[in-house]
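Good morning, and thank you for joining this session. I would ask you to keep the sequence and the model in view while I speak.

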Amino acid sequence: MIAVSISGVVLDMDGLLIDTEPVWRTAQKEVFAELGVELTEADLLDATGVRVDELAAARLPPAGPTAAEVAGRITDLVIAHVEHHGEPMPGVPAAIALFQRSGLRQAIASSSPERLIDAVCARLGLDIGIRCSALDEPRGKPAPDVYLAAARRLRLTPARCLAVEDSPAGVLAAKDAGMTCVAVPDPLLAGDPRYRRADLVLPSLTDLTEPVLRALTR
């Protein structure tokens, strides 16, 4: 077991553990188009890591379905994809095994609803009991609320948590919560300057080796 000052790891989910970010973009574009709202590729990329209900609230016309209803329809499409086609991102099984060997407590802090988090964990066989959804918090990412909730449930101070994120909004949330943060950027967003807030940027979770983790957590 690695002797560390950091005792927990808080993982984002979409785009980090499972390749659902393209699915979210497709589902959002389709559902909004049905409502007469066109989302550009830039709009969809800007929404990466953001709660879908907050996107809906900002984009919906005054008349029509509620933000919660639209978010639910989009989430249903993503869950259906996960249940039938979901696969782990490269390096996920090895990274989870490394965290376990290192004695790090694990949690998920996602902008997705809890029912999607549960579906992803079931599909990937992830035995991570602490699952925090930003929909249960006053504010979604880039606000730090969901990361602070994860630290509380891990019974750790944020300073003793390592966050692993793929989105710029998530990096800001983790850092503003007071956590050490590793970013594994979405390739479509790799040039975003917000990734500079991360303590370390890796091209893939396959690059999160034991020496790298030890350097981060000592």
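The residues that line the largest cavity divide into six nonpolar, five polar and six charged. I should say at once that this is a predicted model. The count of cavities of 30 Å³ or more comes to one, and the volume of the largest cavity is about 170 Å³. Its lining has 17 residues, and the closest to the centre are Glu21, Trp24, Ala47, Gly49 and Val50. Which helix gives the most to this lining? That is helix H1, residues 21-34, with four residues.

From the cavity I turn to the largest pocket. About 260 Å³ of space lies in it. The largest pocket is lined by 17 residues, of which Gly15, Met89, Pro185, Asp186 and Pro187 are the closest to its centre. By class, the lining of this pocket has ten nonpolar, two polar and five charged residues.

Let us now consider the sheet. Six strands form an open sheet with parallel pairing, and their order is E3-E2-E1-E4-E5-E6. The edge strands are E3 and E6, the latter at residues 200-201, and each of them pairs on one side only.

I shall go through the sheet from the E3 edge. Strand E2, residues 105-110, runs parallel to E3, and four bridges join the two. Within that pairing, isoleucine 108 has arginine 131 in E3 as its bridge partner. The connection between these strands deserves a look as well: E2, helix H6 (residues 114-124) and E3 make a right-handed β-α-β unit.

Next comes strand E4. On one side, strand E1, residues 8-11, pairs with E4 in the parallel sense over four bridges. In that pairing, leucine 11 has valine 164 of E4 as its bridge partner. E4 is also joined by four bridges to strand E5, residues 180-183, and these two strands run parallel. Here valine 164 stands opposite valine 182 in E5. E4, helix H8 (residues 168-177) and E5 make a right-handed β-α-β unit. Is strand E4 enclosed or open to its surroundings? Five of the five residues of E4 are buried, so this strand is largely enclosed by the rest of the structure. Both of its faces are covered, with Cys161, Ala163 and Glu165 buried on one side and Leu162 and Val164 buried on the other.

At the far end of the order, E5 and E6 run parallel and are joined by two bridges. Valine 182 is placed opposite leucine 200 in E6.

I now come to two helices with a buried side and an exposed side. In helix H5, residues 92-101, the buried residues include Val92, Ala95, Ile96, Leu98 and Phe99. These residues cover an arc of only 160° around the axis, which puts them on the same side of H5. Pro93, Ala94, Gln100 and Arg101 are exposed on the other side of H5. As a general point, an α-helix has 3.6 residues a turn, so residues three or four places apart point the same way.

Helix H9, residues 210-217, can be described in similar terms. Leu213, Leu216 and Thr217 are buried in H9. They cover an arc of only 85° around the axis, which puts them on the same side of H9. On the other side of this helix, Pro211 and Ala215 are exposed.

Finally, I would draw your attention to two points of backbone geometry. The peptide bond from lysine 141 to proline 142 is cis, with omega near 20°. Where does proline 142 lie? Its place is in the loop between strand E3, residues 130-133, and helix H7, residues 145-154.

The second point concerns arginine 155. Its phi is near 60°, a positive value in a residue other than glycine. Arginine 155 lies in the loop between H7 and strand E4, the latter at residues 161-165. Is arginine 155 buried or exposed? Its relative accessibility is 76%, and a residue counts as exposed over 50%, so arginine 155 is exposed.

To close, I return to the strand with which you may wish to begin your own inspection. E4 has five of five residues buried, and its pairing partners are E1 and E5. Thank you for your attention.

Notes:
Residues numbered from 1 in each chain as written. Predicted model: local features only at pLDDT ≥ 70, side-chain atom pairs only at ≥ 80, totals over all residues. Heavy atoms only, no water. Buried < 20%, exposed > 50% of the residue type's maximum accessible area, 1.4 Å probe, protein only. 1 Å grid on protein atoms, 1.4 Å probe; cavity = no way out; pocket = protein on both sides within 12 Å on 5 of 7 lines; lining within 4 Å. Points joined across faces, edges and corners; volume = space filled by probe spheres on them. Nonpolar A, V, L, I, M, F, W, Y, C, P; charged D, E, K, R; others polar. Pairing = 2+ DSSP bridges. Right-handed = clockwise from strand over helix to strand, strands pointing away. Arc of directions from axis to C-beta.
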